[in-house]
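Open the model in your viewer and keep the selection panel at hand. The tour goes from one selection to the next.

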Amino acid sequence: MEIRPILSALLRSKVSMILIGLQVALTLAIVCNALFIIGQRFERMQRPSGMNETDTFAVSSVGFGEGFDVRAVQAADLALLRRLPGVVAATSINSTPLSGSGWSSGVQLTAEQKTQSANAAFYMVDDHGLDALGAKLIAGRNFLPTEVGIRTLDETVAPASIIISQALAKSLFPGESAVGKQIYIDDPQTTPKATIVGVVERLQTPWVNDGYADIENSLIQPQMLVIGTASQYLIRAEPGRRDEVMKAVETQLAAANPSRIVGKLRDMEAQRRDAYANDRAMAIILGAVIIALLAITALGIVGMASFWVAQRTRQIGTRRALGATRGDILRYFQTENFIITTLGLILGSILAYALSLWMMQAYQSPRLPWHYVPIGFLCLWALGQIAVLGPALRASRVPPAVATRTL
Amino acid sequence: MFAYYLQLGLRSLRRNPVLTALMVAGIALGIAASMTTLTVMHLMGSDPIPWKSDRLHYVQLDNWGPDQPYSEDGRPPDQVTYRDATALMAAGKADKQTAMFKVVLPVQPENTQLKPFRALGRATYADFFSMFEPPFKYGAAWNRDQDAGHARVIVLGKELNEKLFGGQDSSGRTVRMDGIDYRIVGVLDDWNLRIKYYDLTVGAFSSADEFYMPFTSGVDLKRRSSGNNSCWKSPGDGWDAYLQSDCVWIQMWAELDTPARLADYRSFLDSYVNEQKKLGRFARPLNNRLLDVNQWMRDQKVVSRDVQVQTGLAFAFLLVCLINTVGLLLAKFTRKSGEIGLRRALGASRREVFTQFFIESGVIGLSGGVLGLMLTALGLMTVRALYTSYKTVAHLDWAMVAATVVLAVVSALLAGLYPTWRACRVQPAAQLKL
Amino acid sequence: MLKMTHLQKVYRTHLIETYALRDFSINVAEGEFVAVTGPSGSGKTTFLNIAGLLEEFTGGSYLLDGVDVHGLDDNGRSRLRNEKIGFIFQGFNLIPDLNLFDNVDVPLRYRGYGAAERKRRIEEALGRVGLSSRMKHYPSELSGGQQQRVAIARALAGSPRLLLADEPTGNLDSLMARGVMELLEEINGQGTTIVMVTHDPELAARAHRNVHVIDGQVTDFDAESSPRHVDAGAPVAAIS
Ligand SMILES: Nc1ncnc2c1ncn2[C@@H]1O[C@H](COP(=O)(O)OP(=O)(O)OP(=O)(O)O)[C@@H](O)[C@H]1O
Ligand SMILES: [Mg+2]
């Protein structure tokens, strides 16, 4: 429509225009970057762990007093767990994905090399481990019952066979099948190589937070870990029966042996919530800031536009007297808003990229993908138009007689 | 005169309730967002022990492998080995010093009504208590002789004493943990540690220790620490090999009361490491660090990246709210230019007009501040709900309450400055012109 | 050109009904220059507003250039106003944020002319009022008389058939008023019908015909008469 005269009129009341423009600019810059961060967090939170999370839970037990025979207790516990109705599989395990604590170490292909070939999280399970985890075997085979050994901290017994995750397989043997290959997983000077007997599609390490690289490099060894009197089990229930099985496990384990403490049972869904609590909190907080920001900006536009309409009542009347239709008046204010937001948005897109650049330097965050800004443009244009609609409609209803009646 | 302007301001604010509400809400929201995040950041980053934080130093030595640095940015490991910790303790070159590690033990209460439970504690030296100054409710710390004598003594935290003995003076009694009886020598009072700064390796906001026992008796249990344990090469088999290994799992603190003592201790560490190099350890270049409490907290990024980003964002948000308020005030004051011209024509000086409108902005700021304070409390409640571990750092203290109100008033006055200045420039004649 | 018969205008506010116009009949022929006089509050502005389609009437009929305006909707009225009528206001009603060129441009924009046509008309209209040299000036930089001349240029730019003026000289001194009057006479001489409300007996006397309004009714038609019931000096009248 009549962009030039509106623009030149706007330039006569620069300050108000600059204020709204600045507000829009800052809003665009913040909203784009905040949305980007939220997007990243959601992406992180959606990463699959590679295990069945809906039906599984973990429980720990620690014995006390003299004469607590942890190995006997473990055997009895596992037998008990596997007998329980509703249990699909149960294994002894040293740590679970998403738990935040576990065991990681470097692995290497040759004894001579000075640096590690890859870093991997170590899971120690028995022959029911893959079943309990619900990990999907994509090559090779599961552990045999005869392969399951005992691991203590006093004695390093290297397992003969191991299963690794696909990610680890790819990084160790790019382009080749890993099954049948051998790697060192302990001190190459004192322990022999272990043979890879299987590859699982995916198994996350216990550490999902920032700063832990290679989150899918995992290694499973057929060993029952014994540290002091502590043990931990991972149990997978039949679909839909998890909560019921959890209750049964809690009472039965406690009843089975009085000289131990059964730790809090943690289902994997709760584990996931806890693991990503900070990401979720960040996303929620940023989301709230975005909403508040958009609301403030919209209200600011409403306030300013209302003021402009009130201030220009007589002018509007005059325009009406000179032949402007209601639609013309409506469009005038809409166009004016469009111009201001567009100018603000142009400044805002520069600010958005500047902010992103700064975040890249200060926090090593990734670069803002280009499409955020155009999408932000569209959203803020829409926001501006919606915000100005009320005052603009009020303006269009100013009767033309105002031209002769008011001074 | 002030009262008159205040009255005028209030009246004018009441005349445009929607606009006023918009401005007050804008300021309040901006203030609440920035104060919520600022409170969290302030309490997270604030000095936990201001009277001696510059004297407490965290000891780091670089015993890592020759072929791989501990961290890419050249920082030494965040803990020390048993070998080095005990050697430094034995040398006793600092004014006070303590090595420590985290233990989790099963507690078997005397009271059979209570089921056995796990308690989180710390194995440390007697100096811990005089270095970090936890308040005692009953009894006192053990002494250095008891450290040396592997005494089975224990100091209970307030909560554990509450749980086991109903809060009574339990000093002199015993508590059984994993089949061993420990004599209680002291019970702590409330220790409001916002940040568990003496052990940041397992999370700055992890739950408080429930008991403290001598380091030497802790090692006697032959249990690995429940904290972090990192090795750059396999420790070998058995407990003794583990103790002699290059695995790091112990936190080491030294209190150094003067800069001279600090310098001495530094050179002592250097010579200790050089001595060890002769024995074939410490293959990496000399990289000892002695960070004080605040430096250590910064090094460990206690104030997380997320909190920093949130705070930055909140202030940008406040800026938007302020710009919004400037715009609305400008609109409001411009609309009143007729009244201003009239007042000027009736003899008001420019300064008086300025005061009148400035007070009006101040009133908006004050209302925004009060509302903002309530919203801040709400915001902190949300933070506590979202970050369960932040409950110690997400609450208002008086300094922050005052800061909120001051920030709100100052922001509103700043926002009102330009519109007020514009208002002052209205000519007395403006009223009379068309 | 303009024919009102038994026109009635009632303002209803709360419980009070104000009859601004009652049984108001007038016929203005093409090319006429009519001056409307009458005491303050008698309904002159109301008459002009209705004549200029700024307000609707509550009874009677009104034919503008042969068109019955009664059934027109708001948009239709706007279009008719834009095409047929030029307005000159007592307070000039220039848009302070626009320069003279853009001010004159306003009705032309709504007419939907092309850029070249608009430019030609604006330059011509401003030339007619002798302000071509100040096209880039803003209203605040002009004297009252000059502002009113711009307003006249704006009214003329769309070549209206009917020019309505509500006390066009009310805010001007007598010298300036005479200048504006001469301009209006010149425009009328070129065939534009003019209806002008005024309190100035001297100006009214220069019109072809005087219409006197009292209490919302036309009381007097007078072709060449000298002013009789004019309360020009009334202070209230100065603010219309
Ligand atoms: N919007 C309105 N609502 C109610 N009454 C109105 C309205 N507009 C005008 N009136 C009344 O209608 C009557 C005619 O008013 P009008 O403005 O036409 O007078 P006027 O002849 O132009 O007077 P003046 O010479 O003072 O300009 C007056 O009594 C006035 O109070
Ligand atoms: Mg009038």
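## Stop one: the ligand shell

Select helix 1 of chain C: with three residues, this helix is the top contributor to the shell around ligand 1. Keep in mind that the model is predicted.

Now show ligand 1 itself. Which chains does ligand 1 lie between? Chains A and C flank ligand 1. Expand the selection to its surroundings and you get 15 residues. The closest include A:Arg405 from one chain, and C:Ser40, C:Lys44, C:Thr45 and C:Thr46 from the other.

Turn on distances to the oxygen atoms of ligand 1. Three are worth a label.

- C:Thr46: a polar side-chain atom sits 2.5 Å from a ligand oxygen.
- C:Gly41: a polar backbone atom is 2.7 Å from an oxygen of ligand 1.
- C:Gly43: here a backbone N or O atom lies 3.0 Å from a ligand oxygen.

Next, compute the surface. Ligand 1 taken alone exposes 630 Å², and the protein buries 72% of that. Colour by secondary structure: strand 2 (16–28) and helix 1 (44–51) of chain C are the elements giving two or more residues to the shell. Then colour by residue class. The shell has nine polar, three nonpolar and three charged residues.

## Stop two: the A–B interface

Hide the ligand and select the contact between chain A and chain B. Chain A brings 50 residues, chain B 43. Between them, the two chains bury about 4100 Å², with 70% of it on carbon and sulfur atoms. In chain A, pick A:Ile296, A:Phe307 and A:Tyr363. These lose the most area to chain B, together 15% of what that side buries.

Look at polar pairs next. Five residue pairs are in polar contact across this interface, both partners at pLDDT 80 or more. Now trace the elements on the chain A side. Helix 2 (14–45), strand 1 (56–63), helix 8 (277–311) and helix 10 (326–363) each supply at least two residues to the side touching chain B. Which helix gives the largest share of that side? Helix 8 of chain A does, with 19 residues. Colour the chain A side by class: 28 residues are nonpolar, 15 polar and seven charged.

## Stop three: A:Arg41 and its partners

How many salt bridges does the count give between chain A and chain B? One. Select B:Asp306 and A:Arg41 to see a salt bridge with its closest N and O atoms 2.8 Å apart.

Stay on A:Arg41 and add A:Asp279. This pair also forms a salt bridge, its closest N and O atoms 3.1 Å apart. It links distant parts of the chain: A:Asp279 is in helix 8 of chain A and A:Arg41 in helix 2 of chain A, 238 residues apart. A:Arg41 thus has a salt-bridge partner in chain B, B:Asp306, and one in chain A, A:Asp279.

Finally, zoom out and show every salt bridge. Over all chains, the count comes to 54.

Technical notes:
Residues are numbered from 1 along each chain as its sequence is written. Chains are lettered from A and ligands numbered from 1 in the order in which they are written. Side-chain values use heavy atoms; hydrogens and water are left out. Contact means heavy atoms within 4.5 Å. Buried area is the accessible area (1.4 Å probe) that two parts lose on being put together, summed over both. A salt bridge is a side-chain nitrogen of Lys or Arg within 4 Å of a carboxyl oxygen of Asp or Glu. A polar contact is a pair of N or O atoms within 3.5 Å; within protein, one must be able to donate a hydrogen and the other to accept it, and residues adjacent in sequence count only if both atoms are side-chain atoms. Helices (H or I, at least four residues) and strands (E, at least two) are DSSP runs, numbered from the N terminus. Ala, Val, Leu, Ile, Met, Phe, Trp, Tyr, Cys and Pro count as nonpolar, Asp, Glu, Lys and Arg as charged, and the others, Gly among them, as polar. A residue is near a molecule or strand if one of its heavy atoms lies within 4 Å of it. Accessible areas come from the Shrake-Rupley method with a 1.4 Å probe; for residues, only the protein chains shown count as cover.
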